[in-house]
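Me: Please pick a single part of this structure and look at it closely. Which elements does it pair with, and what do its side chains touch?

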Amino acid sequence: MEVLNTFMTWIFKNRLGQIENFKKNPIEVQQTIFKELIEAGKRTEFGKKFGFASIKNYQNFSDQVPVNDYEGLKPYIDKTMTGTQNVIWNTDIEWFAKSSGTTSSRSKYIPVTTESLEECHYKGGKDMLSLYVANYPDSKLFAGKSLTIGGTLEKNPLNPQGTARAGDISAVIMQNLPIWAQFVRTPSLETALMSEWEAKIEKMARETMDEDVTCIAGVPTWTIVLLQRILELKKANHILEVWPNLEIFFHGAVAFGPYRSLFKELIPSEKMRYMETYNASEGFFGLQDQKDSDELLLLLDYGIFYEFIPMEDWLSENPKVIPLWEVEVDTNYAMVISTNGGLWRYKIGDTVRFTSTSPYRFRISGRTKHFINAFGEEVIVENAEKAIQYAAEHTQATIANFTAAPVYFENSSAKGTHEWVIEFQKEPSDKAKFDALLDQHLREINSDYDAKRYKDLALVAPIIHHAPSGLFEQWMGKRGKLGGQHKVPRLSNSREYLEEILEMMK
């Protein structure tokens, strides 16, 4: 395997020159992508409707093509799912990535084209490995197996007799991986794509626990469940007793901060490395490219054209939309993408804050719909995660999951507050101290929240419930959204999710 490791390391390092090119020439690369997308889309049904043939520059595009959410593109996607081609993209679409739904649909189905698989999702995986071996030239990553935790696949719900299939993006990617990639991963594809998660975790644990695993890739929550089951089966104290050559965890989908201390317990080694990825159903957007920073490099030659809406303008009737070359650092933006997967000016729902424009690096700051702004406090997911991580670190606690929503004024003399439900992997040493530190740190990092909390003028101290173990998993299962790309909504102006969870705690 040493020969294979040397060969694979050399292969992946060859991509570094192209990465350097889009870092040094970001605008030129984005303009090239823009032209390629317009050319591909102009003979599609969508392209004809919005006059792609007459689009010569970004201003034409901005004037002629509306900004869309999922509901706006859904009729075109549904038509494609029923078997009609050339609706939103100029090559046949046979795969759809299923993710959490919208207000009118339980699930969203994002088209996955051959181009988006090859030039976006797979390129992201290759670049992830390229940057990793460049940062750690002593890596023995390819001398062992990569453990990947995938989602599930199902028939196309709008055309179950057709050949097109749907599923979590991780499952779509796994199903289409080249032979060489299947050779270096574990568990078997059949096991990785099982639909029943309890049985799947058990089988994954038994298949992988005797392999030489050097790398794990997946969502932190399910990875923890799997590692804990392996420790039980092997009667081991920590995972390095099972996989002594484990060196890297590639993680994404949720913020890693609240899970970091638990991973240190499961994998007690200063040599263990962690690398964040930003790969969604709609595309592969970012990678952690520096060893000493948690910033993500925006991936610019992936068949995605980026636009952004300043969050301060988000709720206006005609929000301002700007291209990449107009963004500024330290401003919260909602992402808008046009892709080689047939999405056009699509509001993905994520918010980012740029830390640099040379090259373009950023941090994920939250979701456009996952925030609390009931009283002008403008608490975004990034604030909540930092505050909860701070409280956990100072009370030796480990977070499993959380959600929060406002408690609205009941009458003119009442005060508002926030109500939290937090599930712990490891309980805090002092629950009252944890609750106080969460509120205190949230005030320190969010001036709007602090202003509302000043002398309890508008907001009083938050109500914090410490949930029993497994509660969020039970709740997600009850909603039919267990596993895969589904995530617990961490913040919401609505109390719908919170009330359901509180009811289960009774």
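Reply: Two strands pair if DSSP finds at least two bridges between them; strands (E, at least two residues) and helices (H or I, at least four) are DSSP runs numbered from the N terminus. The model is predicted, so local features need pLDDT of at least 70 and side-chain atom pairs 80 or more, while totals for chains, interfaces and linings use all residues. Residues are numbered from 1 along each chain as its sequence is written, and side-chain values use heavy atoms, without hydrogens or water.

The part chosen here is the hairpin of β9 and β10, in which two residues connect the strands. Strand β9 covers residues 273-280 and runs antiparallel to β10, with four bridges between them. One bridge pairs Asn279 with Phe284 of β10. On β10 there is also pairing with β11 (residues 296-298), again antiparallel, through two bridges. Gly286 is the residue that faces Leu298 of β11.

Strand β10 (residues 283-287) is largely enclosed by the rest of the structure, because five of its five residues are buried (under 20% relative accessible area with a 1.4 Å probe, protein chains only; over 50% is exposed, and partly exposed lies in between).

On β9, Arg273 makes a salt bridge with Glu247, 3.4 Å from N to O (a side-chain nitrogen of Lys or Arg within 4 Å of a carboxyl oxygen of Asp or Glu). The two residues are 26 apart and belong to distant parts of the chain: Arg273 is in β9, and Glu247 is in the loop between α12 (220-234) and β8 (248-251). Glu247 and Arg273 are both buried.

Next to consider is Tyr274, whose ring has the charged end of Arg260 over it, 5.9 Å from the ring centre (the rule asks for NZ of Lys or CZ of Arg within 6 Å of the centre and within 35 degrees of the ring normal).

The model has 31 aromatic pairs (centres of Phe, Tyr or Trp rings, the six-membered one for Trp, within 6.5 Å; planes under 30 degrees apart are stacked, over 60 edge-to-face, the rest tilted). Among them, Tyr278 and Phe362 have ring centres 6.0 Å apart and planes at 55 degrees, so this pair is tilted. Tyr278 is in β9 and Phe362 in β16 (residues 360-367), so the pair ties together parts 84 residues apart in sequence. Tyr278 is buried, and Phe362 is too. A further aromatic pair is Phe354 with Tyr360, which is edge-to-face with 5.9 Å between centres and 80 degrees between planes. Phe354 is buried at 0% relative accessibility, and Tyr360 is buried at 8%.

Charged contacts also occur past β11. Of the 29 salt bridges counted, one joins Lys123 to Asp301, with closest N and O atoms 4.0 Å apart. Since Lys123 is in helix α7 (residues 114-135) and Asp301 in the loop between β11 and β12 (304-310), this contact ties together parts 178 residues apart in sequence. Asp301 counts as buried, with a relative accessibility of 16%. Elsewhere, salt bridges link Glu20, Lys23, Asp289 and Arg361 in a network.

To sum up the part: β10 is bridged to β9 and to β11, and β9 supplies Arg273 to a salt bridge and Tyr278 to a ring pair.
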